[in-house]
Amino acid sequence: MKLKTVTIPYMDQNVYLISGDSGAVIIDPGQMTEEIKAFIVENKTKEFAVLLTHNHFDHILGAQEARTLSGGKIYVSEADSMGLSDGSVNLCERFCIDFSPFEADKTFSDNDTLSIGDINIKVLVTPGHSKGSACFIIGDWLFSGDTLFRLSVGRTDFIGGNSEELYKSLKRLYEIKGDFDVYSGHGPATRLSYEKKNNPFVRES
């Protein structure tokens, strides 16, 4: 599999493009860019999916166009699905962002496994930043959305946020067997073992 990161200048939001032999995945298209369009064209013949870690506007505003161009399906957690069409939940109203409401094609639940062509995705629903925030494990990669950042964590003061739930979600991530490269919704990549030892918000003793 191949992985490419596209960073949207607004809020430094990361979009992840993953391609296999027969599958292709876009994670959190906060906006559509020429790089993302080129990725879709390059992988047009493959099974496609647009995966959303949560429903905040800076992670979803390019999802509809990505779906249209790729012919793929949009996936989001059941708990965050309503936010795709509700400007108060996805924060568009708060940040005065215009958006066109849309719906996901499919919703997922905790511990689901998704197969997009030859790409297998393990779903972990990790509430805290939003009600239905999720992380995706693909091979040795952990896509953490806004749950876990390098030496930081997602904020919990938006609608659906909960600091106690976030703490539980972080502890759960740290209990995963093995080690993973962590690709978050904003900022640089990190390593799960590094965060266990150094992240000041939840750190192993």
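Phe-95 counts as partly exposed because its relative accessibility is 30%. That is a handy way into this structure, which is a predicted model. From Phe-95 we can move on to a helix with a buried face, two loop residues with positive phi, a buried alanine in a strand, and a set of salt bridges. Take the topics one by one and find each residue in the 3D view as you go.

**A nonpolar patch on the surface**

- Look for Phe-95 in the loop that runs between strand S5 (73-77) and strand S6 (106-108).
- Phe-95 has company: together with Tyr-10 and Met-11 it forms a nonpolar patch on the surface.
- The accessible area of these three residues together is about 250 Å².

**Helix H4 and its two faces**

- Helix H4 covers residues 163-174, and its twelve residues should span 16 Å at 1.5 Å a residue.
- The C-alpha atoms at the ends of H4 are 17 Å apart, which agrees with that expected span.
- Which residues of H4 are buried? They are Leu-166, Ser-169, Leu-170, Leu-173 and Tyr-174.
- If you look down the axis of H4, the buried residues fall within an arc of 140 degrees, so they line one face of the helix.
- Glu-164 and Lys-168 are exposed, and they sit on the face of H4 turned away from its buried side.
- Several strands help to cover the buried residues of H4, including strand S8 (119-125), strand S9 (134-138) and strand S10 (141-145).
- The cover also includes strand S11 (148-149), strand S12 (152-153) and helix H5 (192-198).

**Two aspartates with positive phi**

- Asp-12 has a phi near 50 degrees, which is a positive value in a residue other than glycine.
- You will find Asp-12 in the loop between strand S1 (2-8) and strand S2 (13-19).
- Is Asp-12 buried or partly exposed? Its relative accessible area is 46%, so Asp-12 is partly exposed.
- Asp-28 also has a positive phi, near 60 degrees, and is a residue other than glycine.
- The loop that holds Asp-28 lies between strand S3 (23-27) and helix H1 (34-42).
- Asp-28 has a relative accessible area of 2%, so this residue is buried.

**A buried alanine in strand S9**

- Ala-134 lies in strand S9, and strand S9 is one of the elements covering the buried residues of H4.
- With a relative accessibility of 1%, Ala-134 counts as buried.
- Which residues does Ala-134 touch, not counting those up to four places away in sequence? Its contacts are Thr-53, Phe-108, Leu-124, Val-125, Thr-126, Phe-143 and Ser-144.
- Asn-55 is 79 residues away from Ala-134 along the chain, yet their C-alpha atoms are separated by 10 Å.

**Salt bridges**

- How many salt bridges does a search of the whole structure find? The search finds seven.
- One of the salt bridges brings together the side chains of Asp-110 and Arg-172, at 2.9 Å from N to O.
- This pair links distant parts of the chain, 62 residues apart: Asp-110 is in the loop between S6 and strand S7 (113-116), and Arg-172 is in helix H4.
- Asp-110 counts as partly exposed at 33% relative accessibility, and Arg-172 counts as partly exposed at 26%.
- Arg-191 forms a salt bridge with Asp-179, and their closest N and O atoms are 2.9 Å apart.
- Arg-191 lies in strand S14 (residues 190-191) and Asp-179 in the loop between H4 and strand S13 (181-184), so this pair ties together parts that are twelve residues apart in sequence.
- Arg-191 is partly exposed, with a relative accessible area of 33%, and Asp-179 counts as partly exposed at 24% relative accessibility.
- Arg-191 forms a salt bridge with Asp-181 as well, with the closest N and O atoms 2.9 Å apart.
- The pair of Arg-191 in strand S14 and Asp-181 in strand S13 links distant parts of the chain, ten residues apart.
- Asp-181 counts as partly exposed, with 26% relative accessibility.
- Through salt bridges that share partners, Asp-179, Asp-181 and Arg-191 are joined into one network.

Technical notes:
Residues numbered from 1 in each chain as written. Predicted model: local features only at pLDDT ≥ 70, side-chain atom pairs only at ≥ 80, totals over all residues. Heavy atoms only, no water. Patch = residues over 30% accessible without salt bridge, like charges linked within 9 Å, V, L, I, M, F, W, Y side chains within 5 Å. Areas by Shrake-Rupley, 256 points an atom, 1.4 Å probe, with all protein chains shown as cover. Salt bridge = Lys/Arg side-chain N within 4 Å of Asp/Glu carboxyl O. Helix = DSSP H or I, 4+ residues; strand = E, 2+ residues; numbered from the N terminus. Buried < 20%, exposed > 50% of the residue type's maximum accessible area, 1.4 Å probe, protein only. Expected span 1.5 Å × (residues − 1). Arc of directions from axis to C-beta. Contact = heavy atoms within 4.5 Å.
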